[in-house]
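Open your viewer and keep the selection tool ready. We will go from stop to stop.

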Amino acid sequence: MQIRQELTTQLPHQLVHYVESAQLPMDMGVFTMHGFIEQRTGKEHVALSYGNIDTSKPVLIRLHSECLTGDALFSLRCDCGFQLNKALKNIVDHGSGVLLYLRQEGRGIGLLNKIKAYNLQDAGADTVEANEKLGFDVDMRRYDFCRGILHYFGINEVKLMTNNPRKVNALTREGINVVERVPLREGRNPYNNNYLNIKARKLGHMLDEII
């Protein structure tokens with residue numbers, strides 16, 4: 001017990017506090033939902049695991065930032081909901097994996113500021129310009145604490161589902177070996193075509209621009 005207590009004050013244990021786990025039946029399969037509190041900010045994050053997580057080989061994972069509009073309200077302004085569904089399906093098809101659902105709405109600016117950004121986009125700004133006009137950085141999300149969540153599962157090597165090089169670089173900096181990047185090119189439509197082009201052009205996402 002004393003050793004366990006001492007470990008909670010050391011990296012990477014101190015990055016997050018594990019709370020509880022419970023089964024989460026979904027249309028595509030039965031996942032287990034694990035709750036964590038990020039120690040630095042107090043934000044609540046969850047990890048959805050599926051199948052037997054075999055850490056002797058790279059684990060299929062996704063770092064998914066919360067998007068109420070796309071994930072829950074089925075917005076076509078972004079590709080978030082499409083990516084979430086595809087990532088979960090990929091995990092089920094693979095037989096195992098973990099999706100980290102991170103409470104970082106609107107690239108970290110929060111839900112209400114995201115609505116303000118949408119308003120600016122309606123007036124002609126792109127997603128990067130809208131954030132800057134509101135006084136925010138282009139992308140305020142952090143991924144360093146994800147190391148603590150992955151460590152809970154004993155994961156050190158991953159196949160990362162993403163188009164975003166920042167996520168690959170962030171995990172690499174934290175000592176997680178990204179052995180493969182798995183593209184998630186889902187949900188392009190007339191409402192988010194420019195949004196995806198800006199991701200590629202200004203944020204370096206590994207997507208093809210389509211005019």
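Which residues of H8 are buried? Select Asn193, Tyr195, Leu196, Asn197, Ile198, Lys199, Ala200 and Leu203 to see them. Keep in mind that this is a predicted model.

**Stop 1: helix H8.** Now select residues 193-203, the whole of H8. This helix is mostly covered, with 8 of its 11 residues buried. What covers those buried residues? The cover includes H3 and helix H5 (127-133), so show both. Then click on glycine 204, just after H8. Its phi is positive, about 80°.

**Stop 2: helix H3.** Select residues 80-94. H3 has 15 residues, and at 1.5 Å a residue they should span 21 Å. The C-alpha atoms at its ends are 21 Å apart, so the expected span and the model agree. Next, colour the buried residues of H3: Cys80, Gly81, Gln83, Leu84, Ala87, Leu88, Asn90, Ile91 and Val92. Step on to glycine 95, which follows H3. Glycine 95 has a positive phi, near 100°.

**Stop 3: a loop.** Go to leucine 73, in the loop between helix H2 (68-72) and helix H3. Is leucine 73 buried or exposed? Its relative accessibility is 56%, and exposed means over 50%, so leucine 73 counts as exposed.

**Stop 4: a surface patch.** Keep Leu73 selected and add Leu68, Leu111, Leu112 and Ile115. Together these five make a nonpolar surface patch of about 470 Å². Which helix gives the largest share of the patch? Select residues 111-122: helix H4 supplies that share, 3 residues.

Definitions and conventions:
Residues are numbered from 1 along each chain as its sequence is written. This is a predicted model: local features need pLDDT of at least 70, side-chain atom pairs count only at pLDDT 80 or more; totals for chains, interfaces and linings use all residues. Side-chain values use heavy atoms; hydrogens and water are left out. Patches are made of residues with over 30% relative accessible area and no salt bridge: like charges are joined within 9 Å, nonpolar side chains (Val, Leu, Ile, Met, Phe, Trp, Tyr) within 5 Å. Accessible areas come from the Shrake-Rupley method with a 1.4 Å probe; for residues, only the protein chains shown count as cover. A salt bridge is a side-chain nitrogen of Lys or Arg within 4 Å of a carboxyl oxygen of Asp or Glu. Helices (H or I, at least four residues) and strands (E, at least two) are DSSP runs, numbered from the N terminus. Buried means under 20% relative accessible area, exposed over 50%, partly exposed in between (1.4 Å probe, protein chains only). The expected span of a helix is 1.5 Å times one less than its number of residues. Contact means heavy atoms within 4.5 Å.
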